[in-house]
Amino acid sequence: MTDDSQLKDIIAARIAQQGRITFAAFMEACLYEPGLGYYTSPGRKVGAEGDFYTSISVHAAFGRVIAREIARMWRNMDQPADFTLVECGAGNGRLACDIMDYLAEREAGMYGQLTLILVEREPSLESAQAELLAAHLDRVRWLAPEEFSGSGFSFTGCLYSNELMDALPVHRVVMADDGLQEIYVALKEGELVEESGPLSNPAIGEYFDRLGIKLHPGQQSEVNLIAPEWLAMAARVLQRGFILTIDYGFPAVELYAPHRNMGSLLCYHRHKVEDNPYIRLGRQDITSHVDFTTMMKRGEELGLLPVWFGEQYRFLLSAGIIEEIEESERSDLPSEEKLRLRLGLKKLIMPDGGMGDTFKVLIQSKGVEKPQLLCQRGIGA
Ligand SMILES: C[S@@+](CC[C@H](N)C(=O)[O-])C[C@H]1O[C@@H](n2cnc3c(N)ncnc32)[C@H](O)[C@@H]1O
């Protein structure tokens with residue numbers, strides 16, 4: 001038995017029973033099959049001992065800059081007493097902890113009234129989150145995704161996420177001679193194989209029509225139908241405030257440009273990038289870049305105004321990472337700590353191999369008059 005044989009048997013049984021499945025159904029099983037999926041099975045995913053780094057694992061300064069921006073949002077909204085912070089896809093709770101540490105230390109007035117709600121699809125992560133957030137437990141609540149999106153819940157404040165959208169299952173498509181086809185996962189002689197066929201859902205064709213984009217002959221790509229649905233849910237639940245989304249991605253013209261002939265689907269295992277999703281089922285991460293044009297357009301239809309969109313390096317540089325460095329240099333922190341921050345900064349903002357330009361930040365607002373956020377100051381202001 002290889003480690004992934006149990007998951008492979010489940011997927012194979014599904015295909016045997018119902019016929020070929022969409023790539024989205026396959027990705028859903030690989031990432032979220034209870035007990036066996038990449039995010040729903042034990043093991044360290046993020047950081048040096050895991051499979052990939054997220055910005056959060058690089059340095060606490062990332063969370064501290066986001067906290068600076070969140071405090072600015074609170075001021076822009078006239079400091080509402082019921083300001084609630086929500087993190088969706090909170091993982092091990094590291095980002096939430098860095099944000100809460102900053103707010104407790106620097107924004108005591110806001111912190112004293114604040115509620116932080118963690119929403120994470122994998123419930124077993126709650127104990128790791130509670131451990132990291134031990135100093136803030138009287139401010140923290142947990143909601144399952146269904147409770148968060150349920151009809152009984154709404155809030156005022158800021159909903160943020162880091163690398164949530166890229167972990168949502170996507171449909172894969174290819175432009176064939178006779179038009180757009182979907183890539184399915186089928187079974188041939190006991191092995192998982194790809195097969196193309198008519199679209200499983202007309203929404204996939206409409207997705208490209210709405211963007212006014214036509215893929216080139218032979219071009220493969222992905223369509224994330226869940227992300228805009230998630231945004232619609234978020235826009236309904238948020239009464240007033242901001243949605244801050246950080247993720248890999250591009251505007252649609254760049255994401256679907258002809259030079260991205262094979263799409264943006266990638267797998268990560270032990271810090272190596274892999275392009276074959278049919279190996280190490282449930283033991284490697286599968287991700288796909290976010291189409292930020294759709295997030296912004298859909299947002300506007302839902303009453304979410306785009307406040308700021310750009311590369312992570314521009315966000316961090318204009319929202320406070322320089323202040324973080326200056327304050328650290330002036331402090332009596334050990335010199336290794338100061339060096340760690342300077343090296344972390346390099347990783348977080350460097351394009352080409354760093355995290356600075358593949359990662360994007362999108363901030364949308366609802367019901368806030370002319371927000372003036374830190375990132376809107378521009379670099380060097
Ligand atoms: C790529 S990880 C990112 C974790 C963390 N934000 C970080 O940056 O290290 C994506 C996380 O989102 C969670 N997730 C996926 N769909 C979700 C949903 N609908 N609601 C809440 N969490 C979800 C997954 O279980 C996983 O922990």
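## Ligand contacts

A backbone N or O atom of Gly-89 lies 2.8 Å from a nitrogen atom of the ligand. This is a predicted model. Glu-120 meets the ligand through its side chain: an N or O atom there is 2.5 Å from a ligand oxygen atom. Arg-121 takes part through its backbone, where a polar atom sits 3.2 Å from a nitrogen atom of the ligand. How much of the ligand's area does the protein bury? Alone, the ligand exposes 590 Å², and the protein buries 93% of that.

The shell around the ligand holds 17 residues. Gly-89 and Glu-120 are among the closest, together with Tyr-39, Ile-56 and Asn-162. By class, the shell has nine nonpolar, four polar and four charged residues.

## The second largest pocket

The second largest pocket contains about 340 Å³ of space. Its lining is made up of 16 residues. Which of them lie closest to the centre of the pocket? They are Tyr-207, Arg-210, Leu-225, Pro-228 and Arg-298. Three helices each give two or more residues to this lining: H9 (202-211), H10 (226-237) and H12 (292-301).

Sorted by class, the lining of this pocket has eight nonpolar residues, three polar ones and five charged ones.

## The cavity

How many cavities of 30 Å³ or more does the structure hold? There is one. The largest cavity has about 100 Å³ of space. Its lining counts 16 residues, and those closest to the centre are Tyr-207, Asn-224, His-289, Val-290 and Asp-291. Strand S9 (220-223), helix H10, strand S14 (290-291) and helix H12 each supply two or more lining residues.

Nonpolar residues number nine in the cavity lining, polar residues five and charged residues two. Some names recur from the pocket. Tyr-207 is one of the residues closest to the centre of the second largest pocket, and Tyr-207 is also listed among those closest to the centre of the largest cavity. Helices H10 and H12 give two or more residues to the pocket lining, and H10 and H12 do so for the cavity lining too.

A general point helps in reading such spaces. Rolling a probe the size of a water molecule over the atoms shows where empty space is left.

## Two glutamates with positive phi

Most residues other than glycine have a negative phi. Glu-163 has a positive phi of about 55°, although it is not a glycine. Glu-163 belongs to the loop between strand S5 (155-162) and strand S6 (171-176). Is Glu-163 buried or exposed? Its relative accessible area is 12%, under the 20% limit, so Glu-163 counts as buried.

Glu-189 also breaks the pattern, with a positive phi of about 50°. Glu-189 sits in the loop between strand S7 (179-188) and strand S8 (191-197). Here the relative accessibility is 78%, over the 50% limit, so Glu-189 counts as exposed.

## Phe-62 in helix H4

Where is Phe-62? Phe-62 is in helix H4, which covers residues 60-76. Its relative accessible area is 1%, under the 20% limit, so Phe-62 is buried.

Phe-62 can also be placed relative to Arg-172. The two residues are 110 residues apart along the chain. Their C-alpha atoms are separated by 32 Å.

How values were computed:
Residues are numbered from 1 along each chain as its sequence is written. This is a predicted model: local features need pLDDT of at least 70, side-chain atom pairs count only at pLDDT 80 or more; totals for chains, interfaces and linings use all residues. Side-chain values use heavy atoms; hydrogens and water are left out. On a 1 Å grid over the protein atoms alone, a cavity is a set of points where a 1.4 Å probe fits but cannot get out, and a pocket is an open set with protein on both sides within 12 Å along at least five of seven lines; lining residues have an atom within 4 Å of a point. Grid points are joined across faces, edges and corners, and a volume is the space filled by probe spheres set on the points. Helices (H or I, at least four residues) and strands (E, at least two) are DSSP runs, numbered from the N terminus. Ala, Val, Leu, Ile, Met, Phe, Trp, Tyr, Cys and Pro count as nonpolar, Asp, Glu, Lys and Arg as charged, and the others, Gly among them, as polar. A residue is near a molecule or strand if one of its heavy atoms lies within 4 Å of it. A polar contact is a pair of N or O atoms within 3.5 Å; within protein, one must be able to donate a hydrogen and the other to accept it, and residues adjacent in sequence count only if both atoms are side-chain atoms. Accessible areas come from the Shrake-Rupley method with a 1.4 Å probe; for residues, only the protein chains shown count as cover. Buried means under 20% relative accessible area, exposed over 50%, partly exposed in between (1.4 Å probe, protein chains only).
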